[in-house]
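Me: I have a structure open here and I am new to it. Could you walk me through it if I ask a few short questions?

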Amino acid sequence: MFKKLAATGVAVIAVVALTGCLEITDQQSSQVDVIGPLRLTTTLCTTNGSLGNAPADPSSCTPASSTSTSPFGGSGGREQLLLAYLVPTTITPPATIALTTVDGPQTMSPDFSYAAVVETANPAPAGEHWLGFRSTLFDPRGSTPSATDPGVVTAAADFGLPPASDGGPFASGPVTYRVNFGERYPAAGNEDAPVQCYSTSTPPLTVAQRAKARRAIRRGARSVRSVAKAAGVIGPPDFSGDTNCNIATTDPITADTRDLAVLPGGGATATQGSTVTVPFNVKFAGPASPDATFALSASGVPGTSVAPSITPAGDSTTMVPVTVAVPADLAPGTYDVHLTATKGAQARTGTTRLTVTAAPPPLPPLTETLDELPQSTLASVTTTGQPATVGCNVNCAATVDLLMYKPPADRVGIAARRKWHAVPTVLLGRVKVDLSGGAKQTVTVAVKDSAKDKLHNLGKFTLLIRTTAVDSRGQRTPALVRKVRLKPGCAGRAGCVPRR
């Protein structure tokens, strides 16, 4: 089939109708592994109609009755498919395009001459450009065409989606594109020459001329000039070109895009033998998808770990913490910690710096001191409490208890939960204090209100200060105990009868 489609405003010259033309039946877009290249898939089939760019009903595809025979060159019925894509300049063109045909797999390579032809007829808007491609020679119906199946040709063009200038995901989607195609019938050995379109400057044929052309075809005419002569065309157009340049294009098609980037969330510092969280930001651009689940892995420093996967929401940024258990023997310095998100063959990796500092010298075993208790009176103890001076050799948290033996407490009705099991005692008060290593501190342990008046009913009795301490390592000291003997408590109080 060799219909000649002119640019806008120029007539189409229908010269002869042989089998072998193609038309687009489907346009699809997808992404490899959710965030990979944008794959634009164009499906065409052989037809007895004219070249068509708008997706057509596949039922219009025509089964072969014979191999296609081109009158335009000596390529033995084979042709070259031409494709042009109008796409944003922000996406990366494919180096080649894979073509699936009944004549076997073919390859399409960039063709700047065809891009120039389409650009001339359909100038690209600002921010867009035409990219042309030319296939290897093939027969769209195959070397042994089927009598029932039309020849189907599928082109899969993978366009790269480069990351944003700041390292973020491709965020210029969705992508709007157009597709154009043509057919080329080169003379033998002329497959790589620039595209040369047929001239289309002659007025259309009359009804009578068309009838003469059909009769000539039935009689076996198989050249443009012979058909034109039979039709009575005076001054036929220049058919020295070898390409049916189809100037029409598809309507704009919109393709959603998705991309993901792993960005550093800020550096981290840790000492040898400690555990630290290193933050990363996982940024996802595009609509959410149930297929958009990415496996996570961390590396760079021994002891790294991270959640197994992430399924980001549409157009979102998610903070992902990487936990690093820094080995105690890791040399001080700055290290790269990597977080990688993977989906199939697609991987995105981000890097954050981790500074490891030397661990402080090991602390000595924890020890606690408790000084001799100052002599107190019952009045001072019940009024302000019993002072005690405690200290630790390293930073610690001390618990200081004020106790009395249980038998005298029972005599005056002071009941409480036992605190010191080696010798039965009753808790009268407690103070907790944080102590700095190497320093002492005096604390005063007050008597609880419920016991103050009852203590005055005793004669001489003994108070005890008991203290223990724990440090940041969890080391705990044994209990230290000091005693102070108090004199009878009535001391002139009316109605007070001391008990021995």
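The chat below goes from the overall make-up to single residues.

Me: Before anything else, what kind of model is this, and how are the residues numbered?

Reply: This is a predicted model, in which local features need pLDDT of at least 70 and side-chain atom pairs count only at pLDDT 80 or more, while totals for chains, interfaces and linings use all residues. Residues are numbered from 1 along each chain as its sequence is written, and side-chain values use heavy atoms, with hydrogens and water left out.

Me: OK, how many helices and strands are there in the protein?

Reply: The protein has 6 helices and 28 strands, where helices (H or I, at least four residues) and strands (E, at least two) are DSSP runs numbered from the N terminus.

Me: And how much of the protein is buried?

Reply: Of the 500 residues, 45% are buried; buried means under 20% relative accessible area, exposed means over 50%, and partly exposed lies in between (1.4 Å probe, protein chains only). The accessible surface comes to about 23,100 Å², and 54% of that surface belongs to carbon and sulfur atoms; such areas come from the Shrake-Rupley method with a 1.4 Å probe, and for residues only the protein chains shown count as cover.

Me: Let's turn to sheets. In what order do the strands of the sheet with β25 come?

Reply: That open sheet has 4 strands in the order β25-β24-β27-β28, with antiparallel pairing; two strands pair if DSSP finds at least two bridges between them. The edges are taken by β25 (425–435) and β28 (480–486), each with a single partner strand, so one side of each has no neighbour in the sheet. Neighbouring strands in this sheet are turned by 20° against each other on average, direction ignored, with axes being lines fitted to C-alpha atoms (for helices over the stretch in contact) and angles running from 0 to 180 degrees between N-to-C directions.

Me: How many bridges join β24 to β25?

Reply: There are 10 bridges between strand β24 (residues 396–405) and β25, and the two run antiparallel. As an example to look for, Thr399 has Lys432 in β25 as its bridge partner.

Me: What about the sheet with β14, which strands stand at its edges?

Reply: That one is an open sheet of 5 strands in the order β14-β21-β20-β16-β18, and its pairing is mixed. Here β14 (268–271) and β18 (309–310) stand at the edges with a single partner strand each, so one side of each is left without a neighbour in the sheet. Strand β16 (residues 294–299) pairs with β18 in the antiparallel sense over 2 bridges, and Ala295 has Ser309 in β18 as its bridge partner.

Me: Just after β14 I see Gln272; is Gln272 buried or exposed?

Reply: Gln272, which lies in the loop between β14 and β15 (275–285), is buried, with a relative accessible area of 19%. Its side chain reaches the backbone oxygen of Leu330 at 2.8 Å. Leaving aside neighbours within four places in sequence, Gln272 has contacts (heavy atoms within 4.5 Å) that include Val326, Pro327, Leu330 and Val356.

Me: And on the other side of β18, what is special about the phi of Asp315?

Reply: Asp315 has a positive phi of about 45° although it is not a glycine. This residue sits in the loop between β18 and β19 and is exposed, with a relative accessible area of 60%. Ser316, by contrast, belongs to strand β19 (residues 316–325) and counts as buried at 15% relative accessibility.

Me: Changing topic, how many aromatic pairs are there in the whole structure?

Reply: A search finds 3 aromatic pairs, where rings of Phe, Tyr and Trp (its six-membered ring) pair if their centres lie within 6.5 Å, and planes under 30 degrees apart count as stacked, over 60 as edge-to-face and the rest as tilted. The rings of Tyr85 and Phe159 have centres 5.4 Å apart and planes at 70°, so this pair is edge-to-face. Tyr85 lies in strand β5 (residues 80–88) and Phe159 in strand β9 (residues 152–159), so the pair ties together parts that are 74 residues apart in sequence. Both Tyr85 and Phe159 are buried, and ring pairs link Tyr85, Phe133 and Phe159 into a cluster.

Me: Last one, which peptide bond is cis?

Reply: The bond from Gly173 to Pro174 is cis, with omega near -5°, and Pro174 lies in the loop between β9 and β10 (175–184).

Methods
A polar contact is a pair of N or O atoms within 3.5 Å; within protein, one must be able to donate a hydrogen and the other to accept it, and residues adjacent in sequence count only if both atoms are side-chain atoms.
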